[in-house]
Amino acid sequence: ESGEDAEVVAAAVTARSSASLDELDKVRFFGAGAVVYTGLTTLLFPLHAMKTRSQAMQMAGGRATWTQLFADGPFRGWPAAVTGAIPARMGYIHSLEYVTMRTAAWASSQGFSAETS
């Protein structure tokens, strides 16, 4: 009996976890994604800046110290990075949606099923 219960639960989870993109509120979905992406960029920016500054100092023949790496502040250049990252992410999502839509249309025209297993 517990095997049957597990099958019912698994079927319910599968049915609830597979949502069509047409059913989503895209503005809210992509807006939340942009906020999360910006947060991640902000969180990781000091590490990227430290790595880049360290590499630049090594190329110049010097050795990087913590004071030199963060002399201008760990978030110097962050506004430019986010300003460039958000439009790039929007372009990526737009092209992904376009390719997905075109691929689904082509697959449908070739007789392939849109269902995944």
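A crossing of two helices is right-handed if the near helix is turned clockwise from the far one by less than a right angle. The model discussed here is predicted.

Q: What is the handedness of the crossing of α2 and α4?
A: The crossing of α2 and α4 is right-handed.

Q: Why is α2 called oblique to α4?
A: The axes of α2 (residues 26-59) and α4 (residues 78-109) cross at roughly 140°. Angles over 145 degrees count as roughly antiparallel, and 65 to 115 as roughly perpendicular. The crossing angle fits neither class, so α2 is oblique to α4. The two axes come within 10 Å.

Q: Which residues make the contact of α2 with α4?
A: From α2 come Phe30, Ala34, Tyr37, Thr38, Thr41, Thr42 and Phe45. From α4 come Trp78, Ala81, Val82, Ala85, Ile86, Arg89, Ile93 and Glu97.

Q: What makes up the contact of α2 with α4 by class?
A: The contact has ten nonpolar, three polar and two charged residues. Ala, Phe and Trp count as nonpolar, while Arg and Glu count as charged. Arg89 and Glu97 of α4 are in the contact.

Q: Why is Thr41 called buried?
A: Thr41 has a relative accessible area of 17%. Buried means under 20%. Thr41 is therefore buried. Thr41 is found in helix α2. Beyond residues up to four places away in sequence, Thr41 touches Trp78 and Val82.

Q: How do you know whether Ala49 is buried or exposed?
A: Its relative accessibility is 8%. The limit for buried is under 20%, so Ala49 counts as buried. Ala49 lies in helix α2. Its C-alpha is 8.7 Å from that of Phe70, and the two are 21 residues apart in sequence.

Q: What makes Met57 partly exposed?
A: Met57 has a relative accessible area of 23%. Buried needs under 20% and exposed needs over 50%. Met57 meets neither limit, so Met57 is partly exposed. Met57 is also a residue of helix α2. Met57 and Leu69 are twelve residues apart in sequence, with 8.9 Å between their C-alpha atoms.

Q: Why does Arg76 count as exposed?
A: Arg76 has 54% relative accessibility. Exposed means over 50%, so Arg76 counts as exposed. Arg76 sits in the loop between α3 (66-69) and α4.

Q: Which residues does Arg76 touch, not counting residues up to four places away in sequence?
A: Arg76 touches Phe45 and Arg53. The C-alpha atoms of Arg76 and Ala49 are separated by 8.3 Å, with their positions 27 residues apart along the chain counted as the separation.

Q: Why is the aromatic pair of Trp106 and Phe112 called tilted?
A: The planes of Trp106 and Phe112 are at 35°. Stacked needs under 30 degrees, edge-to-face over 60, and the rest is tilted. The pair is therefore tilted. The centres are 6.2 Å apart, and rings pair within 6.5 Å. The structure holds one aromatic pair.

Q: How do you know whether Phe112 is buried or exposed?
A: Phe112 has 54% relative accessibility. The cut-off for exposed is over 50%, so Phe112 counts as exposed.

Q: What pattern does the protein chain follow along the sequence?
A: The pattern is α-α-α-α. The chain has four helices and zero strands. Of its 117 residues, 11% count as buried. Among contacts with a separation of 6 or more, 61% are between residues 24 or more positions apart.

Definitions and conventions:
Residues are numbered from 1 along each chain as its sequence is written. This is a predicted model: local features need pLDDT of at least 70, side-chain atom pairs count only at pLDDT 80 or more; totals for chains, interfaces and linings use all residues. Side-chain values use heavy atoms; hydrogens and water are left out. Axes are lines fitted to C-alpha atoms, for helices over the stretch in contact, and angles run from 0 to 180 degrees between N-to-C directions. Helices (H or I, at least four residues) and strands (E, at least two) are DSSP runs, numbered from the N terminus. Angles under 35 degrees count as roughly parallel, over 145 as roughly antiparallel, 65 to 115 as roughly perpendicular and the rest as oblique. Contact means heavy atoms within 4.5 Å. Rings of Phe, Tyr and Trp (its six-membered ring) pair if their centres lie within 6.5 Å; planes under 30 degrees apart count as stacked, over 60 as edge-to-face and the rest as tilted. Buried means under 20% relative accessible area, exposed over 50%, partly exposed in between (1.4 Å probe, protein chains only).
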